[in-house]
Amino acid sequence: MRLIYVCVLVWLVTACTAAAKPSLYQQLGGEVAITKLVDGLLVKIEHDPRIVHHFKDTDIARFRSKLIEQLCHISDGPCQYTGSTMQESHTGFQITAADFDRLVQHLIDVMTELHIPLDAQNELLARLAPMYKDVTYR
Ligand code: HEM
């Protein structure tokens, strides 16, 4: 009987700990931080002659709002992503692996400037990594 009580207690503690774990969206700092992240990224792109040419005909206001939505959505925040698929939006740009790495490095730099915890940075990058194949060489 005592064993059952112990098991129930362990289960409760485990369940409560899991429930209390903040979402990635919360760890990143929510809407305010994600907006700052995207705005910081736009400034880095603007000042990077190695990749800025890809954006010469881009509607930057749309890009900004879709990227905010997307980062909110993939970090389990309260948003739906309403933009194009990664394959659709990157086809025709011939984005290379080096271009991809540059953009990711800018993202890391901005997250660091915003004091986003390393665990949350790594988790966001892990969720973005599978998009590589849809973004590059199309
Ligand atoms: C995981 C990495 C990336 C993510 C999550 C991402 C996300 C997005 C999003 C959400 C859009 C807007 C889609 C829409 O308008 O509906 C977009 C568009 C765009 N992305 Fe990316 N992107 C990534 C990597 C890159 C890289 C590495 C480059 C080039 C260096 C790039 C260049 C562009 C350009 C030029 C557009 C605008 C296309 C247009 O003008 O229609 N992206 N991206």
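The following conversation goes through a predicted model and asks what supports each description given to it.

User: What makes up the secondary structure of the chain, in helices and strands?

Analyst: The secondary structure comes to eight helices and zero strands, and from the N terminus on the elements run α-α-α-α-α-α-α-α. Of the 138 residues in the chain, buried residues make up 33%.

User: Why is His90 called a donor of the iron atom of the ligand?

Analyst: The NE2 atom of His90 is at 2.0 Å from the iron atom of the ligand, and a nitrogen atom counts as a donor here if it lies within 2.8 Å of the metal, so His90 qualifies, and it is the only protein donor of that iron atom. As for its place in the chain, His90 is in helix H5, which covers residues 86–90.

User: Which residues come nearest to the ligand, and what polar contacts can be named among them?

Analyst: Of the 23 residues around the ligand, Thr58, Arg62, Gln70, Ser84 and His90 come nearest. A polar side-chain atom of Thr58 lies 2.8 Å from an oxygen atom of the ligand, whereas in Ser84 a backbone N or O atom lies 2.8 Å from a ligand oxygen atom. For His90, an N or O atom in the side chain is 2.8 Å from a nitrogen atom of the ligand. A polar contact is a pair of N or O atoms within 3.5 Å, so the pair formed by Thr58, with its 2.8 Å, counts as one.

User: What makes up the shell around the ligand, by class and by helix?

Analyst: By class, the shell has 13 nonpolar, seven polar and three charged residues. Helix H4 (60–74), H5 and helix H6 (97–113) each supply at least two residues of this shell, and H4 gives the most, with five residues. The space that the ligand takes is the largest pocket.

User: Why is Asp99 called buried?

Analyst: Asp99 has a relative accessibility of 9%, and buried means under 20%, so the value falls below the cut-off and Asp99 counts as buried. Asp99 is found in helix H6, and its side chain reaches the backbone nitrogen of Thr96 at 3.0 Å.

User: Is Leu42 buried or exposed, and how do you know that?

Analyst: The relative accessibility of Leu42 is 16%, which is under the 20% that sets the limit for buried residues, and therefore Leu42 counts as buried. Leu42 has its place in helix H3, residues 30–46. Although Leu42 and Phe63 are 21 residues apart along the chain, their C-alpha atoms are separated by 9.5 Å.

User: What class of exposure does Ile108 have, and why?

Analyst: Ile108 has a relative accessibility of 23%; since buried means under 20% and exposed over 50%, with partly exposed in between, Ile108 counts as partly exposed. Ile108 lies in helix H6, and its C-alpha atom is 7.2 Å from that of Gln121, a residue 13 positions away in sequence.

User: How do you know whether Thr136 is buried or exposed?

Analyst: The relative accessible area of Thr136 is 4%, and because the cut-off for a buried residue is under 20%, Thr136 is buried. Thr136 lies in the segment after H8, and its C-alpha atom is separated by 9.7 Å from that of Gly92, with their positions 44 residues apart along the chain.

User: Which residues other than glycine have a positive phi, and where do they lie?

Analyst: Asp76 has a positive phi of about 70° although it is not a glycine, and its place is in the loop between H4 and H5. Tyr137, which is also a residue other than glycine, has a positive phi near 55°, and Tyr137 is placed in the segment after helix H8 (132–135).

How values were computed
Residues numbered from 1 in each chain as written. Predicted model: local features only at pLDDT ≥ 70, side-chain atom pairs only at ≥ 80, totals over all residues. Heavy atoms only, no water. Donors = N, O, S within 2.8 Å, 3.2 Å for Na, K, Ca; no water. Helix = DSSP H or I, 4+ residues; strand = E, 2+ residues; numbered from the N terminus. Near = heavy atom within 4 Å. Polar contact = N/O pair within 3.5 Å; in protein donor to acceptor, adjacent residues only side chain to side chain. 1 Å grid on protein atoms, 1.4 Å probe; cavity = no way out; pocket = protein on both sides within 12 Å on 5 of 7 lines; lining within 4 Å. Sits in = over half its atoms within 2 Å of the grid points. Nonpolar A, V, L, I, M, F, W, Y, C, P; charged D, E, K, R; others polar. Buried < 20%, exposed > 50% of the residue type's maximum accessible area, 1.4 Å probe, protein only.
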